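Open the model in your viewer and keep the selection tool at hand. This tour moves from one stop to the next and says what to pick at each.

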Amino acid sequence: MRLAPWMARAGSAVVIYAHAHAMLRPHRLDSSATTASSSTLQAAGASGGGDTGLVIGISGGWLSTWAKPPDPPAEVAFVLSIALVVASLLRHGPRFVASSLDAFSLAEPSRRRRFLASISLVSAFLSLGYIAFYLRGGPRGPDAPTYLLQGRALAHGRLAWLAGEPMASFHAVNLLTRLPGSLAGIFPPGFPLVLAAGFLVGAPMVVGPMLAAALAVATWWLTLELGASCGEAPRRVEACGRTAAGLSVVCAALRYHTADASPHGAAAVAV
């Protein structure tokens with residue numbers, strides 16, 4: 001199978017990147033910048049200002065930004081990255097990895113339904129996991145609470161809602177005060193209408209994972225359209241479409257934007 005080595009190495013690279021992204025800490029980056037500067041000056045002075053001291057100082061500061069996996073998802077990513085790296089180095093490892101993924105019908109272009117169902121479920125459950133592990137079951141973005149408030153109001157057929165007294169306690173970003181004693185959100189009603197459907201069934205945070213499932217299929221479909229318009233062979237177009245859908249599944253940015261109550265995932269599906 002020609003794609004087997006490529007799949008194993010690409011998979012290991014993606015998982016290693018996800019693990020590295022999870023281990024980086026912004027506060028460690030800030031502290032490491034000072035550490036890197038001081039160590040660079042010390043090393044450069046000890047070596048007479050040569051390039052060796054600069055390299056040592058920069059590498060020391062960069063390595064100081066890494067840490068052990070902070071949570072179970074990062075630990076799983078770390079284990080998968082090690083396993084895929086080892087598999088890519090073994091003689092028959094890539095072929096074994098490719099054959100183990102046969103449940104997703106990656107090697108059978110004719111089994112589209114199984115493949116699309118598999119990536120949709122994986123995308124949805126990864127976004128659900130993001131909600132559980134990182135968002136702790138609720139909105140965390142700066143605009144997400146306002147979208148949820150507007151969605152809840154629209155679920156009751158309203159564009160504004162009554163607030164308690166005193167009104168000064170409810171003055172916040174992204175909210176408009178309307179007299180007498182009512183508030184409204186500043187965002188257009190498009191995405192709040194989507195969230196309103198979730199409120200009607202009692203699960204507004206499930207809207208994001210459903211969009212994640214649709215987005216994986218939409219990515220595959222869009223790639224097929226682009227490949228066909230370029231005159232590529234059908235088998236190559238199918239391979240490109242499945243690769244794009246796979247990258248969509250493991251994209252950390254899409255996992256966040258299809259987990260929190262933000263309109264980015266819905267906009268991507270609409271596009």
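Select strand 2 and strand 3, residues 182-185. The two run antiparallel and are joined by four bridges. Keep in mind that this is a predicted model. Pick out Leu175 next: Gly185 of strand 3 stands opposite Leu175.

Now follow the chain round the hairpin of strand 2 and strand 3. Three residues lie between the strands. Stop at Gly181, where phi is positive, near 70 degrees.

Add strand 1 to the selection. Strand 1 pairs with strand 3 over two bridges, again in the antiparallel sense. Look for Trp161, which has Leu183 of strand 3 opposite.

With the three strands on screen, step back. In which order do they lie? The order is 1-3-2, in an open sheet with antiparallel pairing. The edge strands are strand 1 (161-162) and strand 2 (175-178), each pairing on one side only. As for what holds such an arrangement together, strands of a sheet pair through backbone hydrogen bonds, either parallel or antiparallel.

Colour strand 3 by side. Are its two faces covered or open? Both are covered. Ser182 and Ala184 are buried on one side, and Leu183 and Gly185 are buried on the other.

Next stop: the interior. Turn on the cavity display. The structure holds one cavity of 30 Å³ or more. The volume of this largest cavity is about 70 Å³. Its lining has 13 residues, and the closest to the centre are Phe191, Val207, Gly208, Asp260 and Ala261. Select those five and centre the view on them.

Which helices should you show around the largest cavity? Show helix 8 (190-200) and helix 9, since each supplies at least two residues of the lining. Helix 9 gives the most, with three. By type, the lining residues of the largest cavity are eight nonpolar, four polar and one charged.

Go on to Thr258. Find this residue in the loop between helix 11 (252-257) and helix 12. Is Thr258 buried or exposed? Thr258 is buried, because its relative accessible area is 1%, while buried means under 20%. Show the side chains of Thr258 and Ser127: a polar contact of 2.8 Å joins them. Then display the other partners of Thr258. Leaving aside neighbours within four places in sequence, its contacts include Gly208, Pro209, Leu211, Ala212, Leu215 and Gly265.

Leu215 leads to the last stop. Leu215 is one of the residues that line the second largest pocket. Select the rest of the lining as well: Ala218, Thr219, Trp221, Leu222, Glu225, Ala268, Val269 and Val271. Two elements give two or more residues to this lining, helix 9 (207-229) and helix 12 (264-270). How much space lies in the second largest pocket? About 180 Å³.

Which helix gives the most to the lining of this pocket? Helix 9 does, with six residues. Colour the lining of the second largest pocket by type to finish: seven residues are nonpolar, one is polar and one is charged.

Before you close the viewer, show helix 9 alone. Helix 9 gives the most to the lining of the largest cavity, and helix 9 also gives the most to the lining of the second largest pocket.

Technical notes. Residues numbered from 1 in each chain as written. Predicted model: local features only at pLDDT ≥ 70, side-chain atom pairs only at ≥ 80, totals over all residues. Heavy atoms only, no water. 1 Å grid on protein atoms, 1.4 Å probe; cavity = no way out; pocket = protein on both sides within 12 Å on 5 of 7 lines; lining within 4 Å. Points joined across faces, edges and corners; volume = space filled by probe spheres on them. Nonpolar A, V, L, I, M, F, W, Y, C, P; charged D, E, K, R; others polar. Pairing = 2+ DSSP bridges. Buried < 20%, exposed > 50% of the residue type's maximum accessible area, 1.4 Å probe, protein only. Polar contact = N/O pair within 3.5 Å; in protein donor to acceptor, adjacent residues only side chain to side chain. Contact = heavy atoms within 4.5 Å.
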